[in-house]
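This briefing accompanies the sequence and structure shown below. It takes up the relation of the copies, then the core, and then selected secondary-structure elements.

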Number of protein chains: 2
Amino acid sequence: MHSKIRLAFEKMVGCSNIITQDLNNYNRDWMNKYVGQSQLVLTPQTSEHVSQILKYCNQNQLKVVPQSGNTGLVGGSVPINDEIVISMRKMNKIYEFDQNSAIITSESGVILQNLNDYLFEYKYQMPWDLGARGSCLLGGNISTNAGGLNVVKHGLLRNYIMGLEVVLPNGKILNLMNKNRKDNTGTDLKQLFIGSEGTLGIITKANVLCIPIPQEKKVFFLELQSFQDVIKVLQKVKKNEQVLAFEFMEGRILKKNKNRHSQNTLPFQFDDNKYYVLIEIAGQQLNVDQFSIEMMEFTQEIIINQNEKEAQFLWKLREEIAESMGKMGYVLKYDVSIPPDKFEWLVNQVYPQREGPFHVYYGHVGDGNVHINIVFESLEHLHKEEDKIELKLFGLVKSLGGSISAEHGIGQHKRKYMELQKGKDVLECLYSIKKLFDPNSIMNPNKLL
Amino acid sequence: MHSKIRLAFEKMVGCSNIITQDLNNYNRDWMNKYVGQSQLVLTPQTSEHVSQILKYCNQNQLKVVPQSGNTGLVGGSVPINDEIVISMRKMNKIYEFDQNSAIITSESGVILQNLNDYLFEYKYQMPWDLGARGSCLLGGNISTNAGGLNVVKHGLLRNYIMGLEVVLPNGKILNLMNKNRKDNTGTDLKQLFIGSEGTLGIITKANVLCIPIPQEKKVFFLELQSFQDVIKVLQKVKKNEQVLAFEFMEGRILKKNKNRHSQNTLPFQFDDNKYYVLIEIAGQQLNVDQFSIEMMEFTQEIIINQNEKEAQFLWKLREEIAESMGKMGYVLKYDVSIPPDKFEWLVNQVYPQREGPFHVYYGHVGDGNVHINIVFESLEHLHKEEDKIELKLFGLVKSLGGSISAEHGIGQHKRKYMELQKGKDVLECLYSIKKLFDPNSIMNPNKLL
């Protein structure tokens, strides 16, 4: 790095906020799939730091990658070449929680779990939940409009962002903070930064509407005879406001994972040709008996957790799928939205008769969000198949009016499919907006657009 | 109107979609407060009609006002001068309701109530509700991000808009339609058009996530001794997910309205110095007894409806306030968001000791949204006081971190306060976005920005 540049940054943020060695954790994503060559990481501690950094980079056409917890799946938060990484992890102040409005105000570098810990004494929690809760940061969650496990009940992250502070590439600090649930004063500028994957500016602060911790929870695990039955159960419970999660799994993966657990803890024997659903209900005064009776319309094979440990075990059967697939070989992971009743059809189109490499589909069927994982024996085989599968899969998804990314985002991975997803006219608009905010294209280059 | 222009429109949309006489209903808002001088109303029947109209107007620098139900309160949907009115009421096709995703697909000119009627057989309803439900149109609701009575429970309209079709001023039809609950593919362009009051484009179609009709409802009407008690009740029930509405009224207006009803139907005698709250709970398996017991921590004076008629009557006491104020004289209406515990303080700042003209505050305290109505004996007096009150009121609102418009929008009325609300930097961004989409400023001129 040019010593002039180094000196400029030293002046702005001080030596203690400049890292030039051991940058591996900043250059690689956690899957080791995407690797960049940044030589410089900055760790600003205030919005003014971020402002000065971006202003300088913009004037000198230095490209930057904003980085939060670096827990994404699409290579959006690591550099591709030698971009400067702006790590937000030191901006981790929680300012306050307002009990009247249920809105928390915080800097963007706070770990999601820390926000939940802070809220615990008020009996509130953050409105979204992710597996990465222990390491992902608020700003990264907002920049990617993160999905997660509770969307069925609580809706999207976007709905809970009441206000933001954003630093633009030109260094301007946009004050879009807001602690009002209702603020109907025209075009809602902050929406542009939610889910834009750090391509328009850097989120430095946020106001988030929180939700009360539910008084009771109960997990139901169902064995069903057909995928049509899964859809029938979904239709039945969609009107139930207490449904917090509705997850679907194929028997073929649960059976394969059986030996991970002692026989007597398993809810069922699991069958290759059967279909399994995990439903969690939460709220005040759950009527567990009535919910059970409703489920019995569809199956007699129902397990209900008796305590917290059992709930965790039933969830584990669902959550260990991704990891267990990874242990079988090299995995292509897809995350698409389509009409829920088309899940089985889609997979059958890609692999007629379910032939081809071992693959399963599972996920948030309640949101129309299916994860498809395909295992290959070698990386070469995977790379050989990747484009072919994606062209077919994403083409089908598009023909169903679906989305090629339900929650994982675009990042580096799906950038080349943006025109397929959006169409030319919409893409043109998105480019104009990008150019308006970031005319020198310094923000997270070669991601998303 | 130039005969060349008339001929051009005839060619585009046909004579039956051009109105040049009896334009009173298009030129005036329903309060008769804002009056324009349009000579031409077009009633397009397809998105292609809208596209051709806007393309022609853009090329010829003809200014247009998109108009839906014309039920707004801030003069946003009527012309100011001789703009061409584009009435959307003929684009009223409902395409389908998808029971798996609970998403309805419709043109934008459908009356809100008609959408509810259509959804009734599926036991679903639209996620927002307004007094104007019988005449307001879907597209107008979306363009103004309409608020309403159920925001406490269901959140903002914005959260339920899954997809849009929008015609840009240059005539391009942007296909942002989407029937997926989750679609995380970068910057969410459709958000720009929600709440932009028709200044960036015209919404022609929408996908809206619907909600199940609640199985049970119950209305509680409480008499409280102080405004602090109102806040205490609010804090108590904020964690209750079944709270559909939380409305506050002053005794001074309920007492004034007593003679509108026969004595024995009234829940209380009403007292100038007391405070009244209407809470509606809704959902599955309401526990009315427990809710009553919780309320008794704060007051013994509680009325609960025994049937639908009584529920309607209790709601009437709340809903008739605006109309009854109108009958007393000329009314200045404000609609601001501030921290709920500051409602009383705010009014006392504007009128110390509650002196000055007769005024009350009431509204959606559960959302931090207070309506302040001030009655004047003459229009002259009102006009004389208006600026003075607004400078003081909006200044205080701003100092509390509030919003000068919680739900009514900006339109013509509050345009001059946009800089106070937004600050220069944000306003500059909004102007750039306006210029990007509407470089010739043909869309709804002199509104919002």
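**Relation of the copies**

In this predicted model, the copies meet through the same surface, because 99% of the interface residues of chain B are also interface residues in chain A.

- A turn of 180 degrees, with a shift of 0.0 Å along the axis, lays chain B on chain A with an RMSD of 0.0 Å; the two copies are thus related as by a two-fold rotation axis.
- Within chain B, Asn159(B) has the C-alpha nearest the axis, at 2.8 Å from it.

**Nonpolar core**

- The largest nonpolar core comprises 185 residues, of which Leu189(A), Phe193(A), Ile279(A), Leu189(B), Phe193(B) and Ile279(B) touch the most other members.
- Apart from its neighbours within four places in sequence, Leu189(B) is in contact with Val426(A), Cys429(A), Leu430(A) and Ile433(A), as well as with Leu174(B), Leu176(B) and Phe437(B).

**Helix 7 of chain A**

- Helix 7 of chain A spans residues 227-237, and its buried residues include Phe227(A), Asp229(A) and Val230(A).
- The buried residues of helix 7 pack against several elements of chain A, among them strand 12 (216-224), strand 13 (243-250) and helix 9 (288-296).

**Open sheet of chain A**

- An open sheet of 5 strands in chain A follows the order 5-6-10-8-9 with antiparallel pairing; strand 5 (94-98) and strand 9 (173-176) stand at the edges, each with a single partner strand, so one side of each is left without a neighbour in the sheet.
- Strand 6 (residues 103-107) and strand 10 (residues 202-209) of chain A run antiparallel and are joined by 5 bridges, and Thr105(A) stands opposite Asn207(A) in strand 10.
- Helix 4 (residues 112-120) of chain A lies across strand 5 and strand 6, running at about 45 degrees to strand 5.

How values were computed: Residues numbered from 1 in each chain as written. Chains lettered and ligands numbered in written order. Predicted model: local features only at pLDDT ≥ 70, side-chain atom pairs only at ≥ 80, totals over all residues. Heavy atoms only, no water. Buried < 20%, exposed > 50% of the residue type's maximum accessible area, 1.4 Å probe, protein only. Helix = DSSP H or I, 4+ residues; strand = E, 2+ residues; numbered from the N terminus. Contact = heavy atoms within 4.5 Å. Core = buried A, V, L, I, M, F, W, Y, C linked by side-chain atoms within 4.5 Å. Least-squares fit on C-alpha atoms with pLDDT ≥ 70 in both. Pairing = 2+ DSSP bridges. Axes fitted to C-alpha atoms, helices over the stretch in contact; angles between N-to-C directions.
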